[in-house]
Amino acid sequence: GGGGGGGGMRVGVVDYASGEAVAGAYVKYWLFGQPEATLTTDARGVAAIPIPTREPMGLELTIGADGYLADRLFWTENRIAPLAAEQTVRLVHGEVIGGVVVDEKGAPVAGAKVTMYGGEGVGSPWRDTPWPSLAWIQNGPAITDAQGRWQSRYPAAPKEVEIGVSGSDFLEKLTPLSGDGAMWKALHDQTLRTTVHPGARLEAIITRADGTPAAGAKVLVSVSPSDFPATADAQGKLTMNNLPAGPVAIAIEAPGQALTEVKTTVAVGKATPLHVRLAPGHTLHGSVVDASGKPVPGIGVSAYSYHGIDTPGWTGKTDAKGEFTWTGAPADGATCGLNVVTSFGPANGILLAPGQENKIERTSTTHVRLTVKEADTGAPLTQARVVEISGPKTSEASRQSPSEGVNAAGEADVWF
């Protein structure tokens, strides 16, 4: 039922296997527009969350206890199921596992990130919600200590599992564990040994057109099928040690400078120096119109590909006249095929270039005016920001537009 509004929500926490109450569990809850708060379950395993008279636009719970894996429930304004007055969370016991990360010489690697990736482990089913349960939640990766050792918790009977070890000075390593009894035993004994290998090293110096350092320049190194982002320091320098050896394509963006593409080859065992002097950016103007030619304001636009490689992704948004401006465009935009993503999806086949009209036509337009209000008082929330996300989240064309502030009445315009 939808009895959550006004009377609060009673959260019962029980053991997944036995069904017995878990006393002393923590229940962290976050209501939209309010600070996060934490409750503790009583002897009956129950915590009561106060809910405003009117249902909140968002509610997120994170529940955990000693010896158990944390679980999460959440509701949003467009939730499938109504906010229930009672909710039962079944926590799964987690086993302590661990291992050690070493380099090729057997020396411990400190500061490595160890992340568990799993698909169909023992779950913690959510009563009253129709969505599939998340099997567990990783509260961030485990980090190796000075001896290269790490510890984590994991379900007792996971199925498809990989351990990912990553860091800034070596290649990421993924180790599948499915069906390997010896590796699972080593995990439980906290002796699983993972050897990582050095990556290729790139040392870059990036300057602006006037010769000054391109501080904060955004760099994206593409090595199919992966992208490696980096940011130049105050001297325009950056060093990357975790690249796969071989040819790489590098896209560089800096404010007021032209999007630049560089190709080189990196190798393990030696540094590849790179000195890039950017050219002045070209100003590119464009507009978005509907099928009748009427300007469409508030549309996010992103140039995400140049000469067929991914870029750090300049983003902009159309103004009240449906127009946008990019001051970092390359000179050959017309021939290189800059691809465009808008907040209504990818605008396939549109090439942006300085000195041309760059008109993007929408075939259909749905205008929605959002009003953001405080749940209890109904007063407009004038500090809220709205972010539009377009395309399937797993799609290369999926992009997030810049956030947009609401007006004095708490309103924001969105076009679909």
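Ala, Val, Leu, Ile, Met, Phe, Trp, Tyr, Cys and Pro count here as nonpolar, Asp, Glu, Lys and Arg as charged, and the others, Gly among them, as polar. By that scheme, the lining of the second largest cavity has eight nonpolar, no polar and no charged residues.

This is a predicted model: local features need pLDDT of at least 70, side-chain atom pairs count only at pLDDT 80 or more, and totals for chains, interfaces and linings use all residues. Residues are numbered from 1 along each chain as its sequence is written, and side-chain values use heavy atoms, with hydrogens and water left out.

**Confidence**

pLDDT is the predictor's confidence in each residue, from 0 to 100. The chain averages 77, and 73% of the residues score at least 70. Two stretches fall under 50; contact means heavy atoms within 4.5 Å.

| Stretch | pLDDT | Contacts in the model |
|---|---|---|
| Residues 1–5 | under 50 | 18 beyond four places in sequence |
| Residues 119–139 | below 50 | 67 beyond near neighbours in sequence |

Where pLDDT is low, the predicted coordinates should not be read in detail.

**The cavity and its strands**

A cavity is a set of points, on a 1 Å grid over the protein atoms alone, where a 1.4 Å probe fits but cannot get out; lining residues have an atom within 4 Å of a point. Grid points are joined across faces, edges and corners, and a volume is the space filled by probe spheres set on the points. The structure holds two cavities of 30 Å³ or more. The second largest has a volume of about 40 Å³. Its lining is Leu202, Ala204, Ile206, Val219, Leu238, Ile250, Ile252 and Leu274.

Strands (E, at least two residues) and helices (H or I, at least four) are DSSP runs, numbered from the N terminus. E15 and strand E19 (246–253) each supply at least two lining residues. The largest share, three residues, comes from E15.

Strand E15 (residues 200–207) pairs with E18 in the antiparallel sense over five bridges; pairing takes at least two DSSP bridges. Ala204 stands opposite Leu238 in E18. Both residues also line the cavity. Five of the seven residues of E18 (residues 237–243) are buried, so this strand is largely enclosed by the rest of the structure. Buried means under 20% relative accessible area, exposed over 50%, partly exposed in between (1.4 Å probe, protein chains only).

**Two partly exposed residues**

Arg153 sits in strand E11 (residues 149–155). Arg153 is partly exposed, at 31% relative accessibility. Arg153 and Gly98 are 55 residues apart in sequence and 8.4 Å apart in space, C-alpha to C-alpha.

Gln190 lies in the loop between helix H2 (181–188) and strand E14 (192–195). Its phi is near 60°, a positive value in a residue other than glycine. Gln190 is partly exposed too, with a relative accessible area of 26%.

Note on methods: 1 Å grid on protein atoms, 1.4 Å probe; cavity = no way out; pocket = protein on both sides within 12 Å on 5 of 7 lines; lining within 4 Å.
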